[in-house]
Amino acid sequence: MGMKTKIALGAVVGIAVIGALSANSGDGDGDARSDGRTSASSGEKADGGKAGGGSDAKPAEDKAVEKASQAEQFKAFVRKNGTPKEKDAVSHVTKVQGADEQNDILDAADVYTDFTGGIMGEGTGPAKLIASSFADWKDSENGLVTIYDADGELLGNGQF
């Protein structure tokens, strides 16, 4: 093989590799959306996915939950599946970070609340309920959820 042939062959292989990487990076966004649907559907007992032509309200509701923030998705799950004490505790959640990207190796999520006073304040008890509710909502092989108060001080944590 001549030198020009080797260079041309290397360029073709390089372009093919770049094309494959570009195609896979586009799939990553689709997978993230698919994971969001899967976790929302699993929390809703997967009725909407298998029923197919049942009611048009379910798919629209799923899309609305999917587009909502992580905190709103979490609150909606607890409103539907939680106990009255869990619902009360989760009503104080203001922000959720890290719940949408999981790899089952080391998943970490942060939940921010409007409680004040840090570890000695009023939010320590509800933080345990929030962590427990979060574990019901998301599942990971090695996940840690940390609950913070309004000032960013640690209230509690739990595995999910």
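Here is a short conversation about a predicted model and how its strand E2 and helix H6 fit together.

Student: Which residues have pLDDT below 50?

Tutor: Let's start with the whole chain: its mean pLDDT is 76, and 60% of its residues reach 70 or more. Where pLDDT is low, the predicted coordinates should not be read in detail. The stretch with pLDDT below 50, which has eight contacts beyond near neighbours in sequence, is residues 26-56.

Student: Does strand E2 run parallel or antiparallel to E3, and how many bridges join them?

Tutor: Happy to trace this one! On one side of the story, E1 (residues 93-97) and E2 run antiparallel with four bridges, and Val96 stands opposite Val111. With E3 (residues 143-148), Ala108 of E2 has Leu144 as its bridge partner. E2 and E3 run parallel, and the number of bridges joining them is six.

Student: Which residues make up the uncovered face of E2?

Tutor: In a regular strand the side chains alternate between the two faces of the sheet. Here the covered face holds Asp107, Ala109, Val111 and Thr113. That leaves the uncovered face to Ala108, Asp110 and Tyr112.

Student: What is the arc within which the buried residues of H6 fall?

Tutor: Good thing to ask of a helix that joins E2 and E3 in a right-handed β-α-β unit. The buried residues of H6 include Ile130, Phe134 and Trp137, while Lys128 and Asp136 on the other side are exposed. Seen down the axis of H6, the buried residues line one face of the helix, because they fall within an arc of 165°.

Technical notes
Residues numbered from 1 in each chain as written. Predicted model: local features only at pLDDT ≥ 70, side-chain atom pairs only at ≥ 80, totals over all residues. Heavy atoms only, no water. pLDDT = per-residue confidence, 0-100. Contact = heavy atoms within 4.5 Å. Buried < 20%, exposed > 50% of the residue type's maximum accessible area, 1.4 Å probe, protein only. Helix = DSSP H or I, 4+ residues; strand = E, 2+ residues; numbered from the N terminus. Pairing = 2+ DSSP bridges. Right-handed = clockwise from strand over helix to strand, strands pointing away. Arc of directions from axis to C-beta.
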